[in-house]
Amino acid sequence: MPHMAQRVADFGTTIFSEINILAREHKAVNLGQGAPDFDGPAEALQAAVDAIHSQMNQYAPGLGNPKTKEAIAQHALRFYNLTYDPVTQIAITSGATEAMFAAILGLTDPGDEVIVFEPVYDSYVPDMVMAGVSPRYVSLRTPDWTFDPDELRSAFSSKTRAIIINTPHNPTGKVYSREELTQIAELCQQYDVIAITDEVYEHILYDGFYHTPIASLPGMAERTLTISSLGKTFSVTGWKIGWALGPRELVAGLNRAHQFITFAVASPLQAAAASALGMSSTYYEELQAMFQAKRDFMLTALRDTGFEVSAPQAGYFIMADWREVAPPEIENDAQFAQWLIKVGGVACIPPSAFYRESHKDMAKHLARFAVCKKDETLQAAVERLKLLPR
Ligand SMILES: Cc1ncc(COP(=O)(O)O)c(C=O)c1O
């Protein structure tokens, strides 16, 4: 009998697909998945069209188009004063998702441990399972999503190969502070561990919070692989252009895996990425202002409808406690998400998807709402939330 491999047998379908299907079925306003329902800047879109009409339609070099890698290096210098050699220290991947998978495959060995913070973005642990690596979890705790430094310390051991840091963080909207990153950096150096970061929300920051790449801390550039992508910063999540920057050995390890996963990623979209990354500061400022207005609108609306919400510091999402909103028979976040789609006509994500099986209760009373939507979509969702039975 044909059957699937053991290594993927427990993965199931991602919650995002499940919610999308249910949302479509019930014609719900979808604040589930973190994909904008609006287009990115016209300049970037035009650059992609131009590239397609300029015979840029064959395989790109495996590590990426040199001009795009130059633009990624310039971006790191411009925003974080970090210097990378575009030829040997940057790789272009199919989104941050592939960069993370290629990094785990290329930089860890079966039996190693990799530390992650929980709630954890849903692809990291399956990546580890496929690589034969074990996750070690450190909890981020409500209400402010901080971690216990002693718990962090005790997660490190001689088996630890890497720690994954997602800042700004999905789903909590946490921005790791310099103090927190310093604690992590000291342990990385003490235990000779590499940091692999996921910084895809680096430009979507609220209330004056600022993003610090751990690679910018003393002693960390030489042991950090920084991952980011175009999708969130330029509202083109479907392009799947991502990248990794780091010391030559780490990029080489990633590339050993990357060359046999995708080999190279979409040439014309890489060309457009170079144009996008080089856009003026006004673009980046307007992006922040646009998102700040969306987050503020949804924060107020969710509170007015009875949700208990603490303000996210960054990113696409708001986490909201639904206990004052739902009828008493609703027992957990998965039931709430289904109820909200069917009765309220609004889709959200149950955040227990970001927790291991034994810890799912930590997200039991929460819902994750995406704010990366047109104003009229957010408005339509709010109108429906106001009509929820009380
Ligand atoms: C934390 C995080 N990392 C990675 C991704 C995916 O990035 P990409 O589309 O570049 O693969 C997302 C998308 O939601 C995300 O939230």
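Which strands each supply at least two residues of the lining of the second largest cavity? In this predicted model, the strands in question are strand 3 and strand 5. The description below starts from the sheet that holds both strands and then turns to the enclosed and open spaces.

The sheet is open and is formed by 7 strands in the order 2-8-7-6-5-3-4, with mixed pairing. Strand 2 (90–94) and strand 4 (134–139) occupy the edges; each has a single partner strand, so one side of each is left without a neighbour in the sheet. On average, and with direction ignored, neighbouring strands are turned by 25° against each other. Helix 5 (residues 95–107) packs on this sheet and touches strand 2, strand 5, strand 6 (194–198), strand 7 (224–229) and strand 8 (241–245). The direction of helix 5 makes about 160° with that of strand 7.

Strand 3 (residues 113–118) is parallel to strand 5 (residues 160–166), and 3 bridges join the two. Within this pairing, Val114 stands opposite Ala162 of strand 5. Strand 3 also runs parallel to strand 4, to which it is joined by 6 bridges. Here the bridge partner of Phe117 is Val138 in strand 4. Strand 3, helix 6 and strand 4 together make a β-α-β unit, which is right-handed. Helix 6 (residues 124–131) lies across strand 3, strand 4, strand 5 and strand 6, and runs at about 155° to strand 4.

The structure contains 3 cavities of 30 Å³ or more. The largest cavity holds about 90 Å³ of space. Its lining is made up of His75, Ala76, Tyr80, Leu82, Tyr84, Glu199, Glu202, Pro213, Thr226, Ser228, Trp243 and Leu245. At least two lining residues come from each of helix 4 (66–80), strand 7 and strand 8, and helix 4 provides the largest share, 3 residues. By class, 7 residues of the lining of the largest cavity are nonpolar, 3 are polar and 2 are charged. Strand 7 and strand 8, which contribute to this lining, are also touched by helix 5.

The second largest cavity has a volume of about 40 Å³. The residues that line it are Val116, Phe117, Pro119, Val120, Tyr121, Tyr124, Ile164, Ile165, Asn166 and His169. Among them is Phe117, the residue bridged to Val138 of strand 4. Strand 5 gives the largest share of this lining, 3 residues. The lining of the second largest cavity comprises 8 nonpolar and 2 polar residues, with no charged residue.

Among the open spaces, the second largest pocket encloses about 370 Å³. It is lined by 23 residues, of which Thr142, Pro143, Trp145, Ser310 and Leu366 are the closest to its centre. The elements giving two or more residues to this lining are strand 9 (308–309) and strand 10 (317–321). Strand 10 gives the most, with 3 residues. The lining of the second largest pocket divides into 10 nonpolar, 6 polar and 7 charged residues.

Definitions and conventions:
Residues numbered from 1 in each chain as written. Predicted model: local features only at pLDDT ≥ 70, side-chain atom pairs only at ≥ 80, totals over all residues. Heavy atoms only, no water. 1 Å grid on protein atoms, 1.4 Å probe; cavity = no way out; pocket = protein on both sides within 12 Å on 5 of 7 lines; lining within 4 Å. Points joined across faces, edges and corners; volume = space filled by probe spheres on them. Helix = DSSP H or I, 4+ residues; strand = E, 2+ residues; numbered from the N terminus. Nonpolar A, V, L, I, M, F, W, Y, C, P; charged D, E, K, R; others polar. Pairing = 2+ DSSP bridges. Axes fitted to C-alpha atoms, helices over the stretch in contact; angles between N-to-C directions. Contact = heavy atoms within 4.5 Å. Right-handed = clockwise from strand over helix to strand, strands pointing away.
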